[in-house]
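Hi everyone, thanks for making time for this. I'd like to walk you through one model, strand by strand, and then look at how the inside is packed. Please have it open in your viewer.

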Amino acid sequence: LEPIGWKVTEAENGQVAVGSLITARPDVIILDLLMPTMDGFEFLDELRGRPDWQDIPVVVITAKDLTNEDRNRLNGGVERIIQKSDRDEMLRQLSREISKCVKRQTARRA
């Protein structure tokens, strides 16, 4: 994403990401559900449990075959779920979704 102009901050797991949110609020979070220490579902529970973070848009990218239970857990908590696939197509989908989220966040602040 950086080569196409996005500023990116990475966290190696959900626990580190929660700590990062305390010092810097992102415009959008790109989340992998399969992370060590604190997985994506646990991260989302933590994120949505804090009123000041509830409006941060989340786009999920995953290779996980989502069950109906997984989809129900994500329902309403994420902007979009993108399955890992062809890198270029996945990047196009992600870039479009991030652009929508950032525009919406910018409009809310105005």
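Let's start with T62: is this residue buried or exposed? T62 counts as buried, because its relative accessibility is 0%, and the cut-off for buried is under 20%. Keep in mind that this is a predicted model, and every value I quote is computed from it. T62 sits in strand β2. Leaving aside residues up to four places away in sequence, T62 touches D32, L33, I81, I82, Q83 and K84.

Now, what about the rest of that strand? In β2, 5 of the 5 residues are buried. That cover applies to both faces: V58, V60 and T62 are buried on one side, and V59 and I61 are buried on the other.

Let's look at the neighbours, beginning with β1. Strand β1, residues 29-32, is joined to β2, residues 58-62, by 4 bridges, and the two run parallel. If you want to find the register on screen, I30 has V59 as its bridge partner in β2, and D32 stands opposite I61. As a reminder, side chains in a regular strand alternate between the two faces of the sheet. You can see that alternation in β1: I29 and L31 point to one face and are buried, whereas I30 and D32 point to the other and are not. From β1 the chain passes through helix α2, residues 40-48, on its way to β2, making a right-handed β-α-β crossover.

There is a residue to click on in the loop between β1 and α2, and that is T37. T37 is not a glycine, yet its phi is positive, near 70 degrees. T37 counts as exposed, because its relative accessibility is 59% and exposed means over 50%.

Next comes β3. Strand β3, residues 80-83, pairs with β2 in the parallel sense, over 4 bridges. Here V60 of β2 stands opposite I81 of β3. The chain gets from β2 to β3 through helix α3, residues 68-74, and this β-α-β crossover is right-handed too.

So which residues touch the most other members of the largest nonpolar core? They are I29, L31, F43, L47 and V58, out of 19 residues in that core. At least two residues of this core come from each of α1 (14-23), β1, α2 and β2. Helix α2 gives the most, with 4 residues. For a view from one member, take V58: beyond residues up to four places away in sequence, V58 touches I29, L31, L44, L47, R48, G77, V78, E79 and R80. There is also a second, separate core, with 9 residues, including V28, V59, M90 and V102.

Last stop, for the docking people: the largest pocket. In general, rolling a probe the size of a water molecule over the atoms shows where empty space is left. In this model, the largest pocket holds about 1200 Å³ of space. Its lining has 31 residues, and V8, T9, E10, V28 and I30 lie nearest the centre. Helix α1, strand β1 and helix α4 (87-109) each supply at least two residues of the lining. Helix α4 gives the most to the lining, with 6 residues.

Two residues turn up twice in this tour, if you'd like something to rotate to: V28 is in the second core and lies by the pocket centre among the nearest residues, while I30 pairs with V59 and is also among those nearest the pocket centre. Thanks for listening!

Methods: Residues are numbered from 1 along each chain as its sequence is written. This is a predicted model: local features need pLDDT of at least 70, side-chain atom pairs count only at pLDDT 80 or more; totals for chains, interfaces and linings use all residues. Side-chain values use heavy atoms; hydrogens and water are left out. Buried means under 20% relative accessible area, exposed over 50%, partly exposed in between (1.4 Å probe, protein chains only). Two strands pair if DSSP finds at least two bridges between them. A crossover is right-handed if, with the strands pointing away from the viewer, the path from the first strand over the helix to the second runs clockwise. A nonpolar core is a set of buried Ala, Val, Leu, Ile, Met, Phe, Trp, Tyr and Cys residues joined through side-chain atoms within 4.5 Å. Contact means heavy atoms within 4.5 Å. On a 1 Å grid over the protein atoms alone, a cavity is a set of points where a 1.4 Å probe fits but cannot get out, and a pocket is an open set with protein on both sides within 12 Å along at least five of seven lines; lining residues have an atom within 4 Å of a point. Grid points are joined across faces, edges and corners, and a volume is the space filled by probe spheres set on the points.
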